[in-house]
Amino acid sequence: MVILTGFAIHVTYACPITCAHCALYCSPKNRFTLPINHILETIRNLPVSTTKMVTFTGGEPFLLGRDLISAVYEASHRGFMTRVVTNAYFAEDLATASNRLSALSNSGLHELLISWDDYHTQYIPFASIRNAYWTAKDLGLKVAIYLVQASNSSWTAERVKHELGGDTSAPHIIIGSPLNRTGRAEYNLQHAGPSAKRVLGPCHYVLAGPALSAKNKLLACCGLIPETKALVLDQNLEPNRLNAALEKGRQSLLLNWIFLRGPYAIMEWLSKRYRIPIIDIKEVGGNCEACHLLFNNKRLVSKIPYALNENPDEIVDELQLLRNLGIITPEAILSLWKDSSTILDMSIIPDNSP
Ligand code: SF4
Ligand code: SF4
């Protein structure tokens, strides 16, 4: 059984900006927001013994104001590590950054993940990123920059480190992610070629890092393609059904297959077995883009039940073997199966964070 390690809550799909690559179609006009009592009740139903981290993301979580503070307080005081993902729109000056971030720090926040990349630049000045970064560090939070990159991106990890300034010898933490052309990016950014650092391999988020969408769908993974039926564990979650829905997901052969092999390998298997043409691997931007291509190909989707019928023992036996060997964690499986693609770790920000 895949072990739950993190849980993400998409608290809102409202966002002050409208990035061209946004997988979730967030914008100032998007009104989907979870009620605070629903967020709190969901946190109260999360298994404390296995869930390490609760991540509050969106959309822009800081738009929740005091409700975000209540949610972080609830999660951290129940024993979870907590992370907030933000575009730092609020950090126009150091005083405001300090005001907003110290309130969260006082409520028990552990980590701040700041989104920045080419697609943010037309809306947010880098000075806001710098203000939020150094203020969070001064408050003792772990902090990292989340950088989405395509082949033609002008913002690289080195450039971000340089622009952050401060002690440039310190190993600033940059968490990179390849551009997956899903959501708005599917229409706006087809011309952006896959990043050399794309990830194609076993998916270490599915089942290990489920999410609750701002539309109240319980998703099997962090949710870059939240409307994909096969990845929805509950269409309209009642918090008291959370554990039953997660357990149902853990029993799913399809989700376990994605965890073990990843969506592109499944496409290849189906293509070979049923002679269905698929896109060349060189054209695919990353795992979530592959997942989107898999689940939007009606011919491939129609064959999935037959494929699962053909090789259930292989999937179940492999999981059992890995469990017996004690290497059922997503990180361990990645190290077994990773190909030449670079694996980018979005799990807990390392302890050696400066
Ligand atoms: S990518 Fe992030 S910052 Fe940009 S619109 Fe989406 S939620 Fe907002
Ligand atoms: S590869 Fe698929 S299952 Fe994994 S995180 Fe991406 S969308 Fe979710």
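In this predicted model, Ala88 sits in the loop that leads from β3 to α3. Although Ala88 is not a glycine, its phi is positive, at about 65°. Most residues other than glycine have a negative phi, and most peptide bonds are trans, which makes this loop a natural place to start reading. The environment of Ala88 is easily described: 29 other C-beta atoms lie within 10 Å, so the residue counts as buried.

The strand that precedes this loop is enclosed as well. Five of the six residues of β3 (residues 81-86) are buried, so the strand is largely enclosed by the rest of the structure. On one side, β3 pairs with β2 (residues 53-58) in the parallel sense over four bridges, and Phe56 stands opposite Val84 of β3. The connection from β2 to β3 passes through helix α2 (residues 66-77), forming a right-handed β-α-β crossover. Four bridges also link β3 to β4, again in the parallel sense, with Leu113 of β4 as the bridge partner of Val85. Here too the unit, made of β3, α3 and β4, is a right-handed β-α-β arrangement.

These strands belong to an open sheet of nine strands with mixed pairing, in the order β6-β5-β4-β3-β2-β1-β7-β8-β9. The edges are formed by β6 (174-178) and β9 (232-234), each of which pairs on one side only. Strands of a sheet pair through backbone hydrogen bonds, either parallel or antiparallel. Between β1 (residues 6-12) and β2 the pairing is parallel and comprises six bridges; within it, His10 stands opposite Thr57 of β2. For the protein chain as a whole, there are 13 helices and nine strands. Of its 354 residues, 45% count as buried. Among the contacts with a separation of 6 or more, 75% are between residues 24 or more positions apart.

A second loop worth a look is the one between β2 and α2, where Gly59 is found. The peptide bond between Gly58 and Gly59 is cis, with omega at about 15°. Both glycines also belong to the surroundings of ligand 1, together with Cys15, Ile17, Thr18, Cys19, Cys22, Cys26, Glu60, Asn87 and Ser115. By class, this shell holds five nonpolar residues, five polar residues and one charged residue.

The shell around ligand 2 has another make-up, with twelve nonpolar residues, one polar residue and no charged residues. Of the 13 residues around ligand 2, those that come nearest are Cys203, Cys221, Asn287, Cys288 and Cys291. Helix α10 (residues 287-295) gives the most to this shell, contributing three residues.

Turning to the helices, α4 (residues 126-138) contains 13 residues and spans 18 Å from its first C-alpha to its last, close to the 18 Å expected at 1.5 Å a residue. Its buried residues are Ser128, Ile129, Arg130, Asn131, Ala132, Tyr133, Thr135 and Ala136. The elements covering these buried residues include α3 (94-106), β4 (111-115), β5 (142-149) and α5 (157-164). Just after α4, Gly140 adopts a positive phi of about 85°.

Leu139 lies in the loop between α4 and β5. It has 17 C-beta neighbours inside 10 Å and therefore counts as partly exposed. Leaving aside residues up to four places away in sequence, Leu139 touches Leu101, Ser102 and Ser105. Of these contacts, the one with Leu101 joins residues 38 apart in sequence, with a C-alpha to C-alpha distance of 8.0 Å.

Two further loop residues complete the tour. Asn216 is found between β7 (211-212) and β8 (218-219), and it has a positive phi of about 65° although it is not a glycine. With 17 C-beta neighbours inside 10 Å, Asn216 counts as partly exposed. Ser252, in the loop between α7 (242-250) and α8 (253-261), has 18 C-beta neighbours inside 10 Å and so is likewise partly exposed. Its C-alpha atom is separated by 9.9 Å from that of Leu233, a residue 19 positions away along the chain.

Key: Residues numbered from 1 in each chain as written. Chains lettered and ligands numbered in written order. Predicted model: local features only at pLDDT ≥ 70, side-chain atom pairs only at ≥ 80, totals over all residues. Helix = DSSP H or I, 4+ residues; strand = E, 2+ residues; numbered from the N terminus. Expected span 1.5 Å × (residues − 1). Buried ≥ 20, exposed ≤ 12 C-beta atoms within 10 Å, placed from the backbone. Contact = placed C-beta atoms within 7 Å. Near = placed C-beta within 6 Å. Nonpolar A, V, L, I, M, F, W, Y, C, P; charged D, E, K, R; others polar. Pairing = 2+ DSSP bridges. Right-handed = clockwise from strand over helix to strand, strands pointing away.
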